[in-house]
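Visitor: I've got a model open and I'd like to learn how to read it. Could you walk me through it, feature by feature?

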Amino acid sequence: MQFELKDDTEFEDDDNVNTEPSVPLSSFCELQSKVAYLQEQLDAFKIESNANMQVSQSSMKILKNALEKYKIHTEKLSKSNESKMKKLLVYKHLLNEYCKNLELEQMDSDLKSEISKLAELKSESLELKYAEQLEDIKDAHQKEIEVYRQKIQEVMSLLKKEKQKNKKITETAQKAISFAKTQKQEQNAGFKYEELKKKYEILAKEYQMLQKSSGKNINASVNFEKVKENLADLKAYVKTICTKFPLVLIKIIRESLNKFHIFSSTNTKLQEQYNQLLEEKKALLNIIHKLKGNIRVFCRVRPLISEYEKSCIEVYQDKIIAQNPTIKNSKVWDFDHVFGPECQQKDIFLEVKDLISSSLDGYNVCIFTYGQTGSGKTYTLEGPDEDPGLISQASTEIFYQISSRMTWDYKVKLSLLEVYNETIKDLLSEKNEKLKLQNNEPTNLTKVIIKGVEELTSFLKYGLSSRAIGSNSLNLHSSRSHLIMTLYIEGTCSYASLHSKISLIDLAGSERLGKTGSIGETLQEAKYINLSLLTLGTVVSAIQQKQSHIPFRNSVLTMLLQDSLIGEAKTLMILQISPEEKNYEETVSSLNFAQNARSTSLGFAKANVI
Ligand SMILES: Nc1ncnc2c1ncn2[C@@H]1O[C@H](COP(=O)(O)OP(=O)(O)OP(=O)(O)O)[C@@H](O)[C@H]1O
Ligand SMILES: [Mg+2]
């Protein structure tokens, strides 16, 4: 704007400043000062407005920053919500898996079936074993329940944690939503309200589902509680059984004991009666034996060895019936006892047991087997290892009796000899020397002290292994000598003493020289055997006929048997016969000899007791 200077007068009216200048000087100065003033005002305004501008710019910046920060914050929030959602999904998945693994329903049904089993057991019996079973099952169930309870607790605590987390998430989400809502209204920044809302809804659904599964677990927990209650019932029931059972048992035991006492006293009486009868039988047998004249004769029929052979022997009670295979007539022989082909070793032993034990009462006892070669003499006395004969059984019985006779003290000695070709050989001596006879006793005969059956068996095994054995057409393992095993017994007690001997004699078998086909050394043996057996026959006949001279000295065998054949000994002959038709003649000859011996009175047996 251009001002023209004019005089003061020209400025009469201030209101006419815009009129065409004809401005006085004073007014100009005034104007100038006004301009300056306005300029100052303008500058001040400028400064102020600049300051205001700066203020507004910085506030704009602050606002901008705030907006940025808010944006970042909301993005972060959204991201953290997303990760939380992911976590929630993982938890949900884990929880589902866990629930599956637990198979709560399956376990529940298992438990139910177990409970029904327990109920069955419960009703089955009162016996202790069931009580024990129930106790075991109960323990197992309690353990299972404990495990389930722990698992449920774990699930519950997991759920609790999840709930708390959900709660926090929901709270944060709600906060975020409300914050977003206000932000939206205020700044219209277009935040993801809808999205958050959706997320919130999903979260709400998840939460509901979690609540449901928690309810499921709670159901399982209720079931477990029921099982627990059932088990508590069962426990109480088992306790009552356990307390009642011993009482029932004690009652039964008492009744049984009473019955047992009654039976036991009856049994003792019967035992006493039986013992008495046994004593009487023993006494009667002794009387009969004495009256009969000492020699008793048993007859044992050997079973047929070959299935092609035919038997000519029949057994009826204590009789032997032999049928002549050529003329078909039969003859009968009577004996004290007859053992048929089916008889066992133990049957023979049972019949001679009393005789054997009488040796411990001071009687001399002599048991000898007699018969044709191959008729079973050695089998009856020695027998095979799996079915031992009289020697073994008699020895066992003697040592058994010794151990049961407490008041007596016994000493037993053993000797084992064979008469081979009329010479005496000591089978327990390592020296191979021939023994001489002095007063019908072999000199220097080995007599070993025997303490028990095992010792005796081993000595017998040793001695018998060196016995003379050969073979002939009738017997592959024919004894070629007479064997005499003797046990010498000495007994003492506080009021008496005794001595006796028991001899078990396995005679060699008589044989028809032509029939057995023996030659050379075997023939020589056979001749000696037959001679000694013939002498035995002659001696028995002489005794029977009460001849003044009895030819004991005609053979070593009869000299050794003299003690047993005349007086004071209990003598038993076991006649062995072969049942085959081809042996008929020898069998008849043996039967006749045995019958003759049976009718021979040898004198009264006497116990050697002082
Ligand atoms: N009771 C039996 N049960 C089964 N087999 C038997 C019986 N008796 C004898 N034997 C058998 O008959 C055969 C002859 O028996 P053993 O040797 O005892 O006759 P032996 O009379 O002693 O003859 P030897 O006089 O020749 O010595 C043997 O093979 C034996 O095993
Ligand atoms: Mg023999």
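Guide: Happy to. A polar contact here is a pair of N or O atoms within 3.5 Å. Keep in mind that this is a predicted model.

Visitor: Then let's try that on the ligand. Which atom of T378 lies 2.8 Å from an oxygen atom of ligand 1?

Guide: A polar side-chain atom of T378 does. Two backbone partners can be added: a polar backbone atom of Y379 is 2.9 Å from an oxygen atom of ligand 1, and a backbone N or O atom of G509 lies 3.0 Å from an oxygen of that ligand. Ligand 1 taken alone exposes 630 Å², and the protein buries 79% of that.

Visitor: How many residues surround ligand 1?

Guide: There are 17, and the closest are T373, K377, T378, S478 and S479. Sorted by class, the shell has eleven polar, three charged and three nonpolar residues.

Visitor: And which element gives the most to that shell?

Guide: That's α6, with three residues. Helix α6 spans 377-381, and both this helix and β14 (478-479) supply at least two shell residues each.

Visitor: There's a metal as well. How do I read its site?

Guide: Look for donor atoms, meaning N, O and S atoms within 2.8 Å of a metal such as this one. The magnesium ion, ligand 2, is coordinated by OG1 of T378 and OG of S479, at 1.9 to 2.1 Å. Those two residues link distant parts of the chain: T378 belongs to helix α6 and S479 to strand β14, 101 residues apart.

Visitor: Are T378 and S479 buried or exposed?

Guide: Buried means under 20% relative accessible area, exposed means over 50%, and partly exposed is in between. T378 has 26% relative accessibility, so T378 counts as partly exposed. S479 has a relative accessible area of 8% and is therefore buried.

Visitor: Staying in α6, what does the side chain of T380 make a polar contact with?

Guide: With the side chain of R300, at 2.9 Å. T380 is in helix α6, and its relative accessible area of 2% is why T380 counts as buried.

Visitor: Next up, aromatic rings. What should I look at?

Guide: A pair of aromatic rings is described by the distance of the centres and the angle of the planes. A search of the whole structure finds four aromatic pairs. One of them is W408 with Y410, which is stacked, at 5.9 Å centre to centre and 25° between the planes. Both of these residues are buried.

Guide: Another pair is W408 with Y495, and this one is edge-to-face: 6.2 Å between centres, with 80° between the planes.

Visitor: Why does the pair of W408 and Y495 tie together parts that are 87 residues apart in sequence?

Guide: Because W408 lies in the loop between α7 (390-404) and β7 (409-420), while Y495 lies in the loop between β15 (482-492) and β16 (497-506). Their accessibilities are worth a look too: W408 counts as buried at 17%, whereas Y495 is exposed, with a relative accessible area of 64%. Ring pairs link W408, Y410 and Y495 into a cluster.

Visitor: Can we do backbone angles? What is the general idea with phi?

Guide: Most residues other than glycine have a negative phi. N421 isn't a glycine, yet has a positive phi of about 50°. N421 is found in the loop between β7 and β8 (423-426), and at 22% relative accessibility N421 counts as partly exposed.

Visitor: Where is N440 found?

Guide: In the loop between β10 (437-438) and β11 (441-442). N440 also has a positive phi, near 60°. At 19% relative accessibility, N440 counts as buried.

Visitor: One last thing: how many residues of helix α11 are buried?

Guide: Nine of its ten residues, so the helix, which runs over residues 556-565, is mostly covered. The buried ones include V556, L557, M559 and L560, and also the polar T558, Q562 and S564.

Note on methods
Residues numbered from 1 in each chain as written. Chains lettered and ligands numbered in written order. Predicted model: local features only at pLDDT ≥ 70, side-chain atom pairs only at ≥ 80, totals over all residues. Heavy atoms only, no water. Near = heavy atom within 4 Å. Polar contact = N/O pair within 3.5 Å; in protein donor to acceptor, adjacent residues only side chain to side chain. Areas by Shrake-Rupley, 256 points an atom, 1.4 Å probe, with all protein chains shown as cover. Helix = DSSP H or I, 4+ residues; strand = E, 2+ residues; numbered from the N terminus. Donors = N, O, S within 2.8 Å, 3.2 Å for Na, K, Ca; no water. Buried < 20%, exposed > 50% of the residue type's maximum accessible area, 1.4 Å probe, protein only. Phe/Tyr/Trp six-rings, centres within 6.5 Å; stacked < 30°, edge-to-face > 60°.
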